[in-house]
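This briefing introduces one structure to a reader who has not met it before. Please keep the sequence and the three-dimensional view at hand while reading the points below.

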Amino acid sequence: MADTATQSQGGAGENRSPDLHYCEGQAQLQLGGGFFRPQSRPSRDLGVLLARTLPQPLEVLDLMAGCGIRGLRYGLEAGAHGVWVNDGDGDRLPLLQANLAPLAQAGCRVEATALSAQKLLAGCLLEERRFGLVDLDAFGCPTTLVPAALEALQFGGVLYLASTDGRSPTGHDRAAALRSLGAAARAHPASWELALRLQIAVVARAAWALGRGVRPLFSFSEGRTFRVALQLQRRADPQQERLLGLLAHCHGCGEQFSQSLWQLRQWPACACGAAAPPLAISGPLWLGPLQHGPTLEAMADVGASASPQEVAPASVRLLRRLLADPGVPERCWPLAELGRRLGGGPPPSDALLAALRVEGFTALRSGVMEGCFRCNAPWSRVLELAAALNR
Ligand SMILES: C[S@@+](CC[C@H](N)C(=O)[O-])C[C@H]1O[C@@H](n2cnc3c(N)ncnc32)[C@H](O)[C@@H]1O
Ligand SMILES: [Zn+2]
């Protein structure tokens, strides 16, 4: 089965025929006239691979289902035992019911509803219904739904969360960031990563407030949607709270500093001197790992025998990139910034990373932002090594 449609696939806001027939993985369905983006396929492929690694019998809640493609794929490809598919737009319910019909034949129990996510989650709390996977593919910022979505998870269950609010967490709307994330968000050279760390911090704080912990399993973005999958822990790992902190950026020279809120101190003076502008400080945000290697390895294992029709090549590439970079240390820069500051273009990236490692630093290509690298070396040393390589 190919990732194809019999007519133009269309995307958000495009004119698309409601009768469009679309195939992705093992799913064949009608897209209807509502929101659908074929380009988001890697996020759906990763969701299916993740679901295949979760314990059975797996119960899935697809809270903002659109045409129902995620729920359908969780049932058909991950062998979910039960799938509850919901979209707040009541006009989509007949489409959801029709699209999900193949699940009953596959032995998967299906519920389809048209409730607001808030109402649905309140009902789950009252009925003490819990799921192994809650997929929350939201429009905008999902912060208000996070505590209730966590309450709807079994211990060890996963919240797969999307936010399309790119302005607040990337420093473009500081007031909105304070309102929706409870955090300062300043312009930062690795802005997608900053957005993911702010999002994870929101979930971590909500989990801690419930007496639980969280483990980020994977985090990624293409600059438009910010996606994180987090596992709910019955108890937080020891000292997990120390991973909440602040990230500071010197716009004068490019240096970055981080601090845990656990031991908040004065910021060090930046090496670029007294003329340096005040540090741009973002947070509280998550300073810990963005990816969980064992989970990504398990996902890669279950996907290893999949055909390109089942798991798209772009999804395999994304998985490999995430596997190669746990997301720590948290200081991350574009190579282009190095080039700009040196005036001679970016240095050869492999050689720079190798030179940093020879000196005992951790230095990695970012799995989240192409063309970026992370390291724990002083920025002045990074600049020296890069300048030497450019000579
Ligand atoms: C990003 S789209 C979902 C796309 C779908 N998951 C996919 O992969 O194609 C978000 C959906 O959430 C629905 N929605 C928006 N706000 C909602 C709410 N408060 N409760 C339930 N559904 C909501 C919209 O009708 C829309 O179909
Ligand atoms: Zn500086």
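The structure is a predicted model. The zinc ion (ligand 2) has a tetrahedral site, while the count of disulfides is 0. The count of aromatic pairs comes to 7. The points below are grouped by topic.

**The zinc site**

- Four sulfur atoms coordinate the zinc ion (ligand 2), namely the SG atoms of Cys250, Cys253, Cys270 and Cys272, at 2.2 to 2.3 Å.
- The angles among the 4 donor atoms run from 96 to 117 degrees, and the site is tetrahedral. For comparison, the ideal angle for four tetrahedral donors is 109.5 degrees.
- Along the sequence, the donor residues of the zinc ion (ligand 2) follow the spacing C-x2-C-x16-C-x1-C.
- Cysteine 250 and cysteine 272 form a pair that links distant parts of the chain, 22 residues apart. Cysteine 250 is in the loop between strand E10 (244-249) and strand E11 (256-260), and cysteine 272 is in the loop between E11 and strand E12 (280-286).
- Cysteine 250 has a relative accessible area of 0% and is therefore buried, whereas cysteine 272, at 33%, counts as partly exposed.

**Cysteines without a disulfide**

- Why do cysteine 332 and cysteine 372 not form a bond? The sulfur of cysteine 332 has its closest cysteine sulfur in cysteine 372, at 4.7 Å, which is too far for a bond. A disulfide would require the two sulfur atoms to lie within 2.5 Å.
- The relation holds from the other side as well: for cysteine 372, the closest cysteine sulfur is that of cysteine 332.
- Cysteine 332 is buried at a relative accessible area of 1%, and cysteine 372 is buried at 4%.

**Aromatic rings**

- A pair of aromatic rings is described by the distance of the centres and the angle of the planes.
- Among the 7 aromatic pairs is that of tyrosine 160 and phenylalanine 218, with ring centres 5.5 Å apart and planes at 80 degrees, so this pair is edge-to-face.
- This pair links distant parts of the chain, since tyrosine 160 belongs to strand E7 (residues 153-163) and phenylalanine 218 to strand E8 (residues 213-221), 58 residues apart.
- Both tyrosine 160 and phenylalanine 218 are buried.
- Tyr160 and Phe218 also belong to a cluster, linked by ring pairs, that includes Phe220.

**Helix H1**

- Helix H1 (residues 41-53) has 13 residues, which should span 18 Å at 1.5 Å a residue; its end C-alpha atoms are 19 Å apart, in agreement with that expectation.
- Of the 13 residues of H1, 11 are buried, so the helix is largely enclosed by the rest of the structure.
- The buried residues of H1 include Arg41, Arg44, Asp45, Leu46, Val48, Leu49 and Leu50.

**Two buried residues and their contacts**

- Arginine 70 is placed in helix H2 (residues 69-77) and is buried, with a relative accessible area of 4%.
- Leaving aside residues up to four places away in sequence, arginine 70 touches Ser43, Arg44, Asp62, Asp135, Asp137, Tyr160 and Arg227.
- Arginine 70 and valine 83 are 13 residues apart along the chain, and their C-alpha atoms are separated by 9.8 Å.
- Glutamine 233 lies in strand E9 (residues 226-233) and counts as buried, at 9% relative accessibility.
- With residues up to four places away in sequence again left out, glutamine 233 touches Arg212, Gly213, Val214, Arg215 and Gln240.

**Backbone exceptions**

- Most residues other than glycine have a negative phi, and most peptide bonds are trans.
- The peptide bond from glutamine 56 to proline 57 is cis, with omega near 0 degrees; proline 57 is in the loop between H1 and strand E3 (59-62).
- Valine 328 and proline 329 are also joined by a cis peptide bond, with omega about 0 degrees. Proline 329 is in the loop between helix H9 (313-323) and strand E13 (332-334).
- Glutamate 128 is not a glycine, yet has a positive phi of about 55 degrees. Glutamate 128 is in the loop between helix H4 (117-127) and strand E6 (131-137), and is exposed at a relative accessible area of 59%.
- Glutamine 239, likewise not a glycine, has a positive phi of about 65 degrees. Glutamine 239 is in the loop between E9 and E10 and is partly exposed, with a relative accessible area of 46%.

Note on methods: Residues are numbered from 1 along each chain as its sequence is written. Chains are lettered from A and ligands numbered from 1 in the order in which they are written. This is a predicted model: local features need pLDDT of at least 70, side-chain atom pairs count only at pLDDT 80 or more; totals for chains, interfaces and linings use all residues. Side-chain values use heavy atoms; hydrogens and water are left out. Helices (H or I, at least four residues) and strands (E, at least two) are DSSP runs, numbered from the N terminus. Buried means under 20% relative accessible area, exposed over 50%, partly exposed in between (1.4 Å probe, protein chains only). Contact means heavy atoms within 4.5 Å. Donors are N, O and S atoms within 2.8 Å of the metal (3.2 Å for Na, K and Ca); water is not among the atoms, so sites may look incomplete. Four donors count as tetrahedral if all angles lie between 85 and 135 degrees; four count as square planar and six as octahedral if opposite donors are over 155 degrees apart and all others between 65 and 115; anything else is irregular. Rings of Phe, Tyr and Trp (its six-membered ring) pair if their centres lie within 6.5 Å; planes under 30 degrees apart count as stacked, over 60 as edge-to-face and the rest as tilted. The expected span of a helix is 1.5 Å times one less than its number of residues.
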